[in-house]
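Here's a quick walk through a single chain, from the overall picture down to a few local details. Have the structure open as you read.

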Amino acid sequence: MTDNSILSDTQSESVSRTPAWGGVCVKLLQGPLYRSGADDANWNALSTWLSEINDYFSKIGLVALVNQSDGYAYLAQTDDHRAKAAVLGFEQSESDDERTGEDESGKIPRLIKKMPLSPELSMLCVLLREALDRFEAQEGSSALVLREGEIKEMLSPYLKSQNDQTRVLKRLDEYISQLVRLTFIREVNEAENQAAQKEREFEIRRIIKSRIGPDFLAEFKRRLEAENEKNAGDGEK
């Protein structure tokens, strides 16, 4: 038997041992997973094998958080107190290890990095989260779709350098692109709008409610109030 045949047999054996949910794990490691429909193979596999998937990820300090009603899932650190609350059903105070990004034993490094959001992008996320809350209170389960101009109008009053319109528009374009990469929003009707030379449209995805949660909102409000107080104090000098 040649080395090539031995390698081939070994590879075949390895492939045969790959679990049915292996592909879903890869998808989750690549980013959030969204349900595309009732026949979505990845989503159905995630729902069927969630216990096995989380058992696998627990070995490297991760957990798959799944929102069945809104149809999205993503990975979080198991040492994150919000992830624990979602999985175990109770709140847990943030420990010193959690603040440093390590697990309790200090042996597993943090794989899921905290999202570094600029103050302006944070503000836009908060504004979109609030718009989604208002929409859901009125419209229920349908998707919130906003035009590109509507999104920009939300944030433009909070941007500095208002006199430089070109710079402001460039920054707004960058923020929208970042939100697309974060999967907080996604462009819809792209081909139709391009053909008709219409304004771009974006769905505000419900994962933003999970990523921009109560803790984020409270901390952002605290920092905003502190900044306002600082600016007011500087103005009185």
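## The chain at a glance

About 15,000 Å² of the chain is exposed, and carbon and sulfur atoms supply 50% of that area. Keep in mind that this is a predicted model. The chain is built from 12 helices and six strands. Of its 237 residues, 34% are buried. As for how the chain comes back on itself, take the contacts between residues at least 6 apart in sequence: 56% of them join residues at least 24 apart.

## One side of α4

Let's zoom in on helix α4, which runs over residues 50–58. Which of its residues are buried? Ile53, Asn54 and Phe57 are. These three sit on the same side of α4, because they cover an arc of only 95° around the axis. That fits the usual helix geometry: an α-helix has 3.6 residues a turn, so residues three or four places apart point the same way. And what covers the buried residues of α4? The cover includes two helices, α2 (22–30) and α3 (41–48), along with the strands β2 (62–67) and β3 (72–77).

## Where α7 meets α8

Next up is a helix pair. Two packed helices are described by the angle between their axes and the distance between the axes. For α7 (residues 119–139) and α8 (residues 148–155), the axes come within 9 Å and cross at roughly 120°. The crossing of α7 past α8 is right-handed. On the α7 side, the residues involved are Glu120, Met123, Leu124, Leu127, Leu128 and Ala131, and they meet Ile151, Met154 and Leu155 of α8.

## Cysteines and two loop residues

How many disulfides turn up in a search of the whole structure? Zero. Cysteine 25 is buried, and so is cysteine 125.

Two loop residues are worth a look for their backbone. Asparagine 189 has phi near 55°, a positive value in a residue other than glycine. Its loop lies between β5 (185–188) and α10 (190–195). Glutamine 197, also not a glycine, has a positive phi near 55° too, and is found in the loop between α10 and β6 (201–204).

Here is how these four residues stand in terms of exposure:

| Residue | State | Relative accessible area |
|---|---|---|
| Cysteine 25 | buried | 4% |
| Cysteine 125 | buried | 0% |
| Asparagine 189 | partly exposed | 40% |
| Glutamine 197 | exposed | 76% |

Is glutamine 197 buried or exposed? Exposed, as its relative accessible area of 76% shows, while asparagine 189 is partly exposed at 40%.

Note on methods
Residues are numbered from 1 along each chain as its sequence is written. This is a predicted model: local features need pLDDT of at least 70, side-chain atom pairs count only at pLDDT 80 or more; totals for chains, interfaces and linings use all residues. Side-chain values use heavy atoms; hydrogens and water are left out. Buried means under 20% relative accessible area, exposed over 50%, partly exposed in between (1.4 Å probe, protein chains only). Helices (H or I, at least four residues) and strands (E, at least two) are DSSP runs, numbered from the N terminus. The arc is that of the directions from the helix axis to the C-beta atoms. Contact means heavy atoms within 4.5 Å. Accessible areas come from the Shrake-Rupley method with a 1.4 Å probe; for residues, only the protein chains shown count as cover. A disulfide is a pair of cysteine sulfur atoms within 2.5 Å. Axes are lines fitted to C-alpha atoms, for helices over the stretch in contact, and angles run from 0 to 180 degrees between N-to-C directions. A crossing is left-handed if the near helix is turned anticlockwise from the far one by less than a right angle, and right-handed if clockwise.
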